[in-house]
Amino acid sequence: MSTEPVITDPPAAADADSASVSRGRRLLRLLRRPGIAFGVAVVLFWLVVLVTVHWWAPYDPFESTGKRLSPPSGDHWFGTDALGRDVFTRVMYGSRQSLPISVAVIASAVFIGSVLGAAAGYFGKWTDAVVMRLTDVTMAFPAILLAMAVAAALGPGLRNGFIAMVIVWWPIYARLLRAQVMAIKHREHIEAAVTIGATRGRILRKHVLPLSFTPVLVNATMDLGQVVLLTASLSFLGLGALPPSPEWGAMITEGAKNFYQWWIAVAPGLAIVSVVLGFNFMGDGLRDALDVKAASR
Amino acid sequence: MSEPLLELTGLGVDFAVSGGTVHAVRGVDLTVGRGEVVGIVGESGSGKSATMLALLGLLAPNASVHGSARFAGSEIIGASEAKLRALRGGRIGMIFQDPMTSLNPVLTVGHQIAESIETHQSLSRKQTDARVRELLDLVAIPNAAERVKSYPHELSGGMRQRVMIAIAMANSPELIIADEPTTALDVTIQAQILAVLDDLRRQTGTAMVIITHDLGVVAGVADRVNVMYAGKVVERGTVDEVFYGCEHPYTRGLLACLPRLDRRDQDIEPIGGAPPVLDQLPTGCAFAPRCRYAEHACTTAEPELRVLQATAVACHRAPVGGRQGVAS
Amino acid sequence: MKRYILGRLAVVPFLLIGIVTVAFCISRLIPADPLTSIVSERQMGNEEVVKAAEARWGLDKSIPQQYVLYVKNLFKGDLGTSFRTKQSVTSDLGERIPATLELAIAAMIFGGGGGVALGALAASRQNKPTDHVSRVFSLLGSSLPVFWTGLALLFVFYARLSWLPGPGRLPARTDPPEHITGLYTVDALLHGQWSLFWQALYHLILPAFVLGWAVMGSVSRLVRASMLDELHADYVRTARSKGLRRGAVMRGHVLRNAMLPVLTILGFSFATLLTGAVLTETIFEWNGIGAYAVAATRTLDYPAINGVCLFGGTVFLLANLVTDVLYAFADPKIRLS
């Protein structure tokens, strides 16, 4: 019997359609979703603050203004802390700690994870075994305990916190990339590419990486928020940024010491919530829009 | 024909989608007599499945249905949910395309058949079990007593489709709607499933509507055939009339895709292009953009179904060049 | 299924060895001299004291020897002696596990149960206001720093409104119930001490809410996605075509399938809760594993750090194992293979 006669092939048609639109334009189109737009707006706000804060910050983040523990007022929107420093100024400067470190952590984790994961998926055999057992063992530890232990071992400070968090996050991307490579390896167009003698490097670059782009993007967006949280948590525990650095988690620790001067902890807390919520909304929206579930399963 | 079992008049289905309305079914008239087997043939997207799902209120919530559908004399479009529930599985059974995904993976097949019986009849546990086994025998599943405890993944594709048929037959319905019943199956299994359907019809006298893209499926089992294109019936007739005397260029294209031994004809070739996008239909005949016979009239007025020598055809140009190209 | 479960079990020893090794490595990587935290600085010059301390902790041996010693002791259930509390780590952990367990169970009831309910609600009202509210609520849950939420809620409900009790598991100067399970609520019930039970429960509300909220976020998002996936599945249409009521389709068909992936995250969440109580316990002065871990990292108490890491890793491992086994029972494709 015949197969479907005059084949309408909507997926193929859709592909052809979307291929003609550049990836950049497609990402721009995503901004029409309110969740994504909100997330992007929040993150952009903090980026602008990060770049420009030293031009307009009302006070110095490290110098006392002379008034200690004064509640919010016209002069000090979020009050002053135990050392008389302006909380608003410090919160704004805090973006220079949290954002760069979370981007650095995720970028490093994506890079290390991708290389190892792709290698594991591509070469298989013992490479695969070694990399996968490493991820198994790393992921067997709860993230915060692992980060705490590493940070404690290396000593406090943001640099060591960074190393600890990269150790926590790389296995996620290694697994993701490995799964992608394994899935793609057996697809027909790759097999075809192999038969026509394409090199492994070329196949990885041309076929594997573009297809891995979306799931990595969605995961990375969500994880950026989680890194901001973990950074703050480590600092809160005294294992991340050290005083007097205006890091949000460390500021909350100071706030906790002055429990009844509530304003000291409120502003840095809100800053963390807004950034993390921004990344989460972006990630959640992207996941819905790009429907990556199928790919990550 | 006295009172038909099912009579559709001007049935239409619209889907509200972002940025407009898709007119999936655009006024279908159709009758199915008691005990009759009617085929509905068309490409995917021609509205053939939507027509039948609309009957039972099984379309997605963004669909709106208009027109009329009378089942055994009473109107069912816009009927209450309770009334529709009584029809579904009770007087009208449905068989779907992919028996792998259409059966619930975490429930035994016995459970899934029994569920249909329990919904519509109050039988004792024992009677239900007996009926389940009887149904499995009816669709020729060996070892019925064993098979009831199986999960869908333990059965082959053909066996699963037999289970689907057993579910549809559970309450001895007057009508069975089979939506692409053989498409997901291997060629040899397809023939077996069609044989099962044909047997059922002979044994129980149930009427059937068989929806398919494959004229070959219809040839063996159907009495009459409706060819649908872009949400409309474009040609109808008995199986013989359609196979040997079709007039619509689209039907001819479909037939050309069917490998046949008794025809060596250069004139008929597969239809090029793709079906129209249903939210931006051309004016005039929807098939015109793909039709090699299209002329000016075809792009201005929409053709109505009219009876020619054998079949009823919705085409301005029919009969195109007489019987040319059709062996008879 | 036997093969499936045996397969899962076979990996356990390897992972355990991995966990033990990593925990050991981390604790021996500490560049600071752990001696300083045992021996007071004034005594560092006293060679005898230093020698005695080194011998006691096995610090005078080579790293591989320390490892062998460590694994040997582990088999006897000996995790070493905490520098800080001068007690065996095993008994330290044993004392604190019930507190964390009680908190984690309470948070799980709130977060897991609430998450499933919220997710199912959101799925059945897709793209309606209820869905959007639940999305914001659950995303908020995974965006809030628990140490900050804890502080804020304490400030509002304890310091300002006095509706809820302050930190701690029981009011000050209240004796806990006699030890049976170590969970105060359960022990109080077993002894029929009702007022004590209410006190313990009262103290659980805030920390359990704070900790559970984060879990609720991820659970409800997954339940929603999973239910929506299943709602569009072909077998749902089949079930409807049989004439089943909507409720019967939801309960008998959709939920059963949707719970499969949810099961996985529930198991995973419980492990996260149990170990992620670190921050919550710090804020609420909850004398559990989390607070112990924080104190240990601050004082470079490496036998204790080690013990906590081992505990965390093992809990993770067990939770995953239990989840896998439950999954095998729930999914006939695995159960029958």
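Two exercises on a predicted model follow, each with a worked solution.

Residues are numbered from 1 along each chain as its sequence is written, and chains are lettered from A and ligands numbered from 1 in the order in which they are written. In this predicted model, local features need pLDDT of at least 70 and side-chain atom pairs count only at pLDDT 80 or more, while totals for chains, interfaces and linings use all residues.

**Exercise 1.** Describe the side of chain C that touches chain B.

*Solution.* Begin with the contacts (C-beta atoms, placed from the backbone, within 7 Å): 18 residues of chain C meet 24 residues of chain B. Next, assign elements, where helices are DSSP runs of H or I with at least four residues, numbered from the N terminus. Helix 10 (234–241), helix 11 (246–283) and helix 14 (332–335) of chain C each supply at least two residues. Helix 10 of chain C gives the largest share, 6 residues. Finally, sort by class: this side of chain C has 5 nonpolar, 5 polar and 8 charged residues, with Asp, Glu, Lys and Arg counted as charged, Ala, Val, Leu, Ile, Met, Phe, Trp, Tyr, Cys and Pro as nonpolar, and the others, Gly among them, as polar.

**Exercise 2.** State how confidence varies along chain A.

*Solution.* The score is pLDDT, the predictor's confidence in each residue, from 0 to 100. Take the average: chain A has 79, and 83% of its residues score at least 70. Then compare elements: helix 4 (residues 87–123) of chain A has the highest mean, 90, and helix 12 (residues 293–296) of chain A the lowest, 38. Lastly, locate stretches under 50: residues 1–20 of chain A form one of them, with 27 contacts beyond four places in sequence. Residues 293–297 of chain A are also below 50, with 5 contacts beyond near neighbours in sequence.

Methods
Contact = placed C-beta atoms within 7 Å.
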